[in-house]
Amino acid sequence: MLLRGLTWLVLFQLLGTAINHLLLPVLPGPIIGLLLLLVFLIVRGEVGEPLNLAAGSLLRYLPLLLVPPAVGVMVYAADIAADFWAIVGALVLSLLLSMAFAGVLMQWLVKRQARREERS
């Protein structure tokens, strides 16, 4: 079951990488693969058990992915300090855009759920 879920994840990453090389070199392949997986799951309407198991297994190791960025921050602390205000501005702008998007998306999902409940 775990192998089937990991196969789906790798398949979508490879598909995204192929699209990246053939059609869309602006976005990284894994990001395209994640977007394709999101569309697939939205169309399907549920997350299957193999994919859920594989994602849950990988989430246990998520903190290990934070080690290289932490080391990079320590190594390049002087460069980061030189561009501190530009970095802060970019982070604040991205935070505001993300919060606005999340709010609009949440409103849309609540309205969609209300329509579903009215039909039943």
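I began with the second largest pocket, which holds about 180 Å³ of space; here a pocket is an open set of points on a 1 Å grid over the protein atoms alone, where a 1.4 Å probe fits, with protein on both sides within 12 Å along at least five of seven lines, and lining residues have an atom within 4 Å of a point. The volume is the space filled by probe spheres set on the points, which are joined across faces, edges and corners.

Before going on, I noted that this is a predicted model, in which local features need pLDDT of at least 70, side-chain atom pairs count only at pLDDT 80 or more, and totals for chains, interfaces and linings use all residues. Residues are numbered from 1 along each chain as its sequence is written, and side-chain values use heavy atoms, with hydrogens and water left out.

I listed the lining of this second largest pocket as Leu41, Ile42, Gly45, Glu46, Leu105, Trp108, Leu109, Arg112 and Arg116. Helix α6 (84-119) and α2 each supply at least two of these residues, and the largest share, five residues, comes from α6; helices are DSSP runs of H or I, at least four residues, numbered from the N terminus. By class I found five nonpolar, one polar and three charged residues, where Ala, Val, Leu, Ile, Met, Phe, Trp, Tyr, Cys and Pro count as nonpolar, Asp, Glu, Lys and Arg as charged, and the others, Gly among them, as polar.

I turned next to the largest pocket, with about 440 Å³ of space. Its lining has 18 residues, of which Leu9, Leu34, Leu37, Ala55 and Leu58 lie nearest the centre, and the elements giving two or more residues to it are α1, α2 and α3. This lining has 15 nonpolar and three polar residues, but no charged ones.

Then I looked at α2 itself. Which residues of α2 are buried? They are Gly29, Ile32, Gly33, Leu37 and Leu41, buried meaning under 20% relative accessible area with a 1.4 Å probe, protein chains only. What covers them includes α1 (2-22) and α3 (49-59). I also checked the span of α2 (residues 29-44): at 1.5 Å a residue its 16 residues should cover 22 Å, and the end C-alpha atoms are 22 Å apart, which agrees. The expected span is 1.5 Å times one less than the number of residues. After α2 comes Gly45, with a positive phi near 90°.

Last, I looked up the record: an unreviewed UniProt entry lists residues 30-47, 59-78 and 84-110 as "transmembrane region". In the model, residues 84-110 are 100% helix, whereas residues 59-78 are 60% helix and 0% strand.

Definitions and conventions
UniProt positions are given in the numbering used here, feature names are shortened, and annotations may be inferred rather than shown by experiment. Buried means under 20% relative accessible area, exposed over 50%, partly exposed in between (1.4 Å probe, protein chains only). Contact means heavy atoms within 4.5 Å.
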